[in-house]
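Opening the notebook on this one. I want to go through the sheet, then whatever packs on it, then the odd spots.

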Amino acid sequence: MTTTTNTPVVVYGPNIGHGGEFHVHAPGCADIVRGRMRDQYAAERPMAFDAASQQDVVEAVYADIMAEGDADWTAYASEFSFFPCCKLRERTTG
Ligand SMILES: [Zn+2]
């Protein structure tokens with residue numbers, strides 16, 4: 001992979017809904033702006049950055065934890081809900 005297109009994402013969490021989940025949306029996503037989800041997200045401080053993939057998001061959020069352990073990003077991927085608004089491929093490479 002020689003070309004990488006970074007996609008802006010907004011990551012809310014942890015503890016969105018149940019079970020320590022992170023929710024990953026595109027900036028300005030309608031899910032965030034309207035309705036019940038807005039109220040839920042309003043209490044959270046989102047992380048906003050550019051990501052090349054879902055792997056990128058997981059590694060960015062769990063960088064400190066991953067640095068101390070042997071598990072790779074897939075061990076934490078289940079903590080994340082990637083919504084269709086952020087069109088991220090799964091992995092940075094391959
Ligand atoms: Zn969304």
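Before counting anything, I fixed my rule for strands: two of them pair if DSSP finds at least two bridges between them. With that in hand, I looked up β1 and β3, and they run antiparallel with five bridges joining them. I also noted that this is a predicted model.

**Entry 1: overall layout**

I listed the secondary structure and got four helices and four strands. Going along the sequence, I wrote the pattern down as β-β-α-α-β-α-α-β. The protein has 94 residues, and 22% of them count as buried. For contacts between residues at least 6 apart in sequence, I found that 62% join residues at least 24 apart.

**Entry 2: confidence**

I checked the pLDDT next. The mean for the protein is 83, and 79% of the residues reach 70 or more. Which element has the lowest mean pLDDT, and which the highest? Helix α2 (residues 35–42) is the lowest at 64, while α3 is the highest at 95. Low pLDDT means the predicted coordinates should not be read in detail. I moved on to the sheet.

**Entry 3: the sheet**

In what order do the four strands sit in the sheet? I read the order as β3-β1-β2-β4, in an open sheet with mixed pairing. β3 (47–51) and β4 are at the edges with a single partner strand each, so each has one side without a neighbour in the sheet. From one strand to the next, the twist averages 30°.

Then I went through the pairs.

- β1 with β3: I picked out proline 8, whose bridge partner in β3 is aspartate 50.
- β1 with β2: these run antiparallel and four bridges join them. Valine 11 has valine 24 in β2 as its bridge partner, and tyrosine 12 stands opposite histidine 23 in β2.
- β2 with β4: these run parallel, with three bridges between them. Phenylalanine 22 is bridged to phenylalanine 80 in β4, and histidine 23 stands opposite serine 81 in β4.

So histidine 23 turned up twice in my list, opposite tyrosine 12 and opposite serine 81. I also looked at how covered β2 is, and four of its five residues are buried.

**Entry 4: the helix on the sheet**

I turned to α3. It lies across β1, β2, β3 and β4, and it runs at about 135° to β3. Is α3 largely enclosed or largely open? Six of its eight residues are buried, so the rest of the structure largely encloses it. I noted the buried ones as Gln54, Gln55, Asp56, Val57, Val58 and Val61. These buried residues of α3 pack against β1, β2, β3 and β4.

**Entry 5: the core**

Which residues make up the largest nonpolar core? I counted twelve: Val9, Val11, Tyr12, Phe22, Val24, Ala51, Val57, Val58, Val61, Trp73, Phe82 and Leu88. At least two residues of this core come from each of β1 (7–16), β2 (21–25) and α3 (54–61).

I took valine 11 as a case to follow. Setting aside neighbours within four places in sequence, I found valine 11 in contact with Phe22, Val24, Pro46, Met47, Val57 and Val61. Val57 and Val61 are among the buried residues of α3, and Val24 is the bridge partner of valine 11 in β2.

**Entry 6: the tryptophan in a loop**

Where does tryptophan 73 lie? I placed it in the loop between α4 (63–67) and β4 (80–82). A residue counts as buried here with 20 or more other C-beta atoms within 10 Å of its own. Tryptophan 73 has 21, so it is buried. Not counting residues up to four places away in sequence, tryptophan 73 touches Gln55, Val58, Glu59 and Met66. I checked the valine 58 pair further: tryptophan 73 and valine 58 are 15 residues apart in sequence and 6.1 Å apart in space, C-alpha to C-alpha.

**Entry 7: a peptide bond to flag**

Most peptide bonds are trans. I flagged the one from glycine 13 to proline 14, which is cis with omega near 0°. Proline 14 lies in strand β1.

Key. Residues are numbered from 1 along each chain as its sequence is written. This is a predicted model: local features need pLDDT of at least 70, side-chain atom pairs count only at pLDDT 80 or more; totals for chains, interfaces and linings use all residues. Two residues are in contact if their C-beta atoms, placed from the backbone, lie within 7 Å. A nonpolar core is a set of buried Ala, Val, Leu, Ile, Met, Phe, Trp, Tyr and Cys residues joined through C-beta atoms within 7 Å. pLDDT is the predictor's confidence in each residue, from 0 to 100. Axes are lines fitted to C-alpha atoms, for helices over the stretch in contact, and angles run from 0 to 180 degrees between N-to-C directions.
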